[in-house]
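Visitor: I would like a close look at a single part of this model, taken slowly and with the terms spelled out.

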Amino acid sequence: MRVEKLGDGEPEVAVVGAIHGDEPCGEKAIEQFLDSDFEVKKPVKLIIANEKALEKDTRFVDCDLNRSFPGDLKSEDHEERLAAEIMAQVEGLKVLGLHSTKSYADPFVALSSLEPDNMDLVRKTGIRTASYHRDKDLDTLDDHAKCVEVECGFQGSESAVDNAYRIVKNFLAAYGIIDAEHRISSPSVFEIYDTVEEPDYEFIAVNFQKVEEGEVYARNGSKELRADEDFYPVLMSTEGYDTILGHKARKVENPESLTQEKNI
């Protein structure tokens, strides 16, 4: 793990890239920011997480880092030890995590909570689309830290690097760490409610665009998957997963209502 602290004093914000070694956009965006001429007005911490996996261009060395939080310093597994080290670095901080995907070219936020503090982090990314997976409990970084995790685009693409760098600049400018134009977004939220377990199908619809009842959204030769109800695909792709096609979601008109419902 590489940690760069910029500015004087104790940071309130951190940016984490390369949680997965085959998703280099976060590491490249952090390097690009370090090479920029921005004046840092408030302290910030920049973390390139899984350097061993990056070197091998593989998702992980021993186990998935983003299923290993809060980690264990005494573990024999590299990622479980690393997760504990990352938690020590980001404790109490507002965190931006940078990822990439095989399913969608445009940036979106992957949320595990709609609490006001989390939604404030989302708005400061400037991103207009967010998925929400209620009670996913996967031991991801955002399950254990005040963190917004962003999918920046297609894995290994230059556009994902460009998107990641733009999101980093927006996030840091929104917190007054640098002077730069930025926007505070009001994202559309899509709540995941079901998983399509058909990994051998070709996905032919578009993520975050409505699939209407009766519409074909995936094919395998002469076999077709037709929607039995309206839904929005999220993280659906032909090659993204070994065991599933992706997820179904509904568009949430009032995200605050889900938070209130959960707290009842």
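Visitor: How are helix 4 and helix 6 oriented to each other?

Guide: This is a predicted model, in which local features need pLDDT of at least 70 and side-chain atom pairs count only at pLDDT 80 or more, while totals for chains, interfaces and linings use all residues. Residues are numbered from 1 along each chain as its sequence is written, and side-chain values use heavy atoms, with hydrogens and water left out. Helix 4 (residues 116–125) and helix 6 (residues 158–174), helices being DSSP runs of H or I with at least four residues, numbered from the N terminus, pack at an angle of about 120° with their axes 7 Å apart. The axes are lines fitted to C-alpha atoms over the stretch in contact, and angles run from 0 to 180 degrees between N-to-C directions. Helix 4 and helix 6 are therefore oblique to each other, a class left after roughly parallel (under 35 degrees), roughly antiparallel (over 145) and roughly perpendicular (65 to 115).

In this packing, L121, K124 and T125 of helix 4 meet I167, N170, F171 and A174 of helix 6, where contact means heavy atoms within 4.5 Å. By class, this contact has four nonpolar, two polar and one charged residues; Ala, Val, Leu, Ile, Met, Phe, Trp, Tyr, Cys and Pro count as nonpolar, Asp, Glu, Lys and Arg as charged, and the others, Gly among them, as polar.

Helix 6 also supplies four residues to the lining of the second largest pocket, the largest share. That lining has five nonpolar, four polar and six charged residues.

Technical notes
Helices (H or I, at least four residues) and strands (E, at least two) are DSSP runs, numbered from the N terminus.
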